[in-house]
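The following exercises are to be worked with the sequence and the coordinates at hand. Each task is followed by a solution in steps.

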Amino acid sequence: MPALDLTRSSVELTADLVDVFSVSGSEREITDLVEAALRPLAHLDVTRDGDAVVARTNLGRERRAVIAGHLDTVPVNDNLPSRLDDHGILWGRGTADMKGGCAILLKLAAELTDPAVDVTWVWYDNEEVASELNGLGRVSRNHPEWLAADFAILAEPTDAEIEGGCNGTLRAEVRTTGRRAHSARAWTGDNAIHKAAPILELLAGYHARDVEVDGLVYREGLSAVGIRGGVAGNVIPDECVVTVNYRFAPDQSGADAEGRIRALFAGYEVTVTDLAEGARPGLDDPLAQAFVASVGSEPRPKYGWTDVARFAALGIPAVNYGPGDPALAHADDERVPVEQIERVEAGLRAWLSA
Ligand SMILES: [Zn+2]
């Protein structure tokens with residue numbers, strides 16, 4: 001593979017990165033290229049952990065921002081190499097998710113030798129696979145000091161809009177119990193499925209909260225996502241389990257959310273099976289406000305869970321901002337408008353040059 005040339009445009013660099021195969025678990029080559037391109041730059045302090053590269057400016061600025069992107073992609077399906085069409089659309093695996101963002105970071109890391117805030121640039125591996133493999137999570141465990149900052153931007157695809165924070169998610173099993181009996185003499189048993197009716201009524205009638213956090217309105221959701229029960233066609237069942245998923249606004253911690261669910265289903269056996277914290281957008285911070293003003297677009301709340309929550313866990317407010325339509329992220333016809341790559345580059349450049 002030829003070395004990356006950081007004097008090429010961010011659009012050309014996007015195509016260069018897309019053409020380096022880097023499905024999760026195979027990021028060695030692309031990480032080597034990124035590291036080799038950054039090492040010679042005297043204004044950056046470059047370190048590496050596995051297939052994650054961290055490059056920091058150390059200008060002694062009062063504030064520091066982390067700007068990060070993952071280098072891995074979901075599996076290729078006949079959609080490489082990249083192809084630029086006549087309408088300014090770049091096609092191929094990784095164009096939207098998220099080599100456009102990674103290319104912009106490389107370009108700006110090389111060119112902004114004197115940014116308005118100190119910047120920690122991060123490119124990492126294994127975002128598209130199981131959470132315990134996530135490169136950003138690994139760096140935050142091995143070297144939390146590398147990620148220390150006041151504000152974080154993740155260049156995941158957002159159609160070049162700012163999407164702040166994210167909702168947290170909790171899954172719990174709500175269980176009813178009863179007593180088995182032959183259904184021919186149902187009155188001798190105690191039907192656990194019938195006893196689930198109030199749980200379902202509560203869920204069906206539940207009014208989801210709309211919560212304003214740092215100026216963005218997050219809509220919550222509380223839904224049954226599964227139900228199981230039943231022994232046989234002639235047996236009164238002695239157990240029924242309703243699985244609920246609570247998407248909670250980032251004004252609550254995971255512990256708050258768990259408390260709310262336990263209070264709501266008081267009197268039932270409740271087992272939490274999965275819990276991921278949400279993330280505040282941190283848009284009340286002057287650093288973030290300057291970013292929003294530079295970009296010049298109205299921020300939106302992020303409903304799905306993303307790696308911004310890993311920054312939140314470190315106490316760093318974080319937003320998503322990157323080129324590409326998130327709905328196309330894993331599609332075979334993945335693509336990105338060149339105009340969005342240029343717009344995000346200009347937005348970040350304006351903010352960091354202010
Ligand atoms: Zn992604």
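**Exercise 1. The metal site**

Which residues coordinate the zinc ion, and through which atoms? Describe the geometry of the site and the placement of its donors along the chain.

Solution. The model is a predicted one.
- Step 1: The ligands of the zinc ion are His70 through NE2, Asp97 through OD, and Glu156, which is listed with two OE donors. The donor distances run from 1.9 to 2.7 Å.
- Step 2: The angles among the four donor atoms span 52 to 148 degrees. Four donors count as tetrahedral only if all angles lie between 85 and 135 degrees. The site of the zinc ion is classed as irregular.
- Step 3: Read along the chain, the donors of the zinc ion have the spacing H-x26-D-x58-E. Distant parts of the chain are linked in this way: aspartate 97 belongs to helix α3 (residues 95–111), whereas glutamate 156 is in the loop between β7 (151–154) and β8 (163–164), 59 residues apart.

**Exercise 2. Backbone geometry**

Locate two cis peptide bonds and a residue that has a positive phi although it is not a glycine.

Solution.
- Step 1: The bond from leucine 80 to proline 81 is cis, its omega being near -5 degrees. Proline 81 is found in the loop between β3 (64–70) and β4 (83–84).
- Step 2: A cis bond also joins aspartate 97 to methionine 98, with omega near -10 degrees. Methionine 98 is part of helix α3, and aspartate 97 is a ligand of the zinc ion.
- Step 3: Asparagine 126, not a glycine, has a positive phi of about 55 degrees. Asparagine 126 sits in the loop between β6 (118–124) and α4 (135–142).

**Exercise 3. Packing of α1 against α3**

At what angle do α1 and α3 pack, and which residues make the contact?

Solution.
- Step 1: The axes of α1 and α3 are 8 Å apart, and the packing angle is about 125 degrees. Because of this angle, α1 is oblique to α3.
- Step 2: The crossing of α1 past α3 is right-handed.
- Step 3: From α1, the contact takes in Ser10, Leu13, Thr14, Leu17 and Val18; from α3, Thr95, Lys99, Gly100, Cys102, Ala103, Ile104, Leu106 and Lys107.
- Step 4: Sorted by class, the contact of α1 with α3 holds seven nonpolar, four polar and two charged residues.

**Exercise 4. The contacts of α9**

How do helix α7 (residues 286–295) and helix α1 (residues 10–18) each cross helix α9 (residues 338–353)?

Solution.
- Step 1: The axes of α7 and α9 come within 8 Å and cross at roughly 130 degrees. The pair is therefore oblique.
- Step 2: α7 and α9 form a right-handed crossing. On the α7 side, Leu287, Ala290, Phe291, Ser294 and Val295 meet Gly347, Leu348, Ala350 and Trp351 of α9. This contact of α7 with α9 comprises seven nonpolar and two polar residues, with no charged ones.
- Step 3: For α1 and α9 the angle is about 115 degrees and the axes are 9 Å apart. This crossing, too, is right-handed.
- Step 4: Ser10, Val11 and Thr14 of α1 meet Val338, Ile341, Glu342 and Glu345 of α9. By class, the contact of α1 with α9 includes three nonpolar, two polar and two charged residues.

How values were computed. Residues are numbered from 1 along each chain as its sequence is written. This is a predicted model: local features need pLDDT of at least 70, side-chain atom pairs count only at pLDDT 80 or more; totals for chains, interfaces and linings use all residues. Side-chain values use heavy atoms; hydrogens and water are left out. Axes are lines fitted to C-alpha atoms, for helices over the stretch in contact, and angles run from 0 to 180 degrees between N-to-C directions. Helices (H or I, at least four residues) and strands (E, at least two) are DSSP runs, numbered from the N terminus. Angles under 35 degrees count as roughly parallel, over 145 as roughly antiparallel, 65 to 115 as roughly perpendicular and the rest as oblique. A crossing is left-handed if the near helix is turned anticlockwise from the far one by less than a right angle, and right-handed if clockwise. Contact means heavy atoms within 4.5 Å. Ala, Val, Leu, Ile, Met, Phe, Trp, Tyr, Cys and Pro count as nonpolar, Asp, Glu, Lys and Arg as charged, and the others, Gly among them, as polar. Donors are N, O and S atoms within 2.8 Å of the metal (3.2 Å for Na, K and Ca); water is not among the atoms, so sites may look incomplete. Four donors count as tetrahedral if all angles lie between 85 and 135 degrees; four count as square planar and six as octahedral if opposite donors are over 155 degrees apart and all others between 65 and 115; anything else is irregular.
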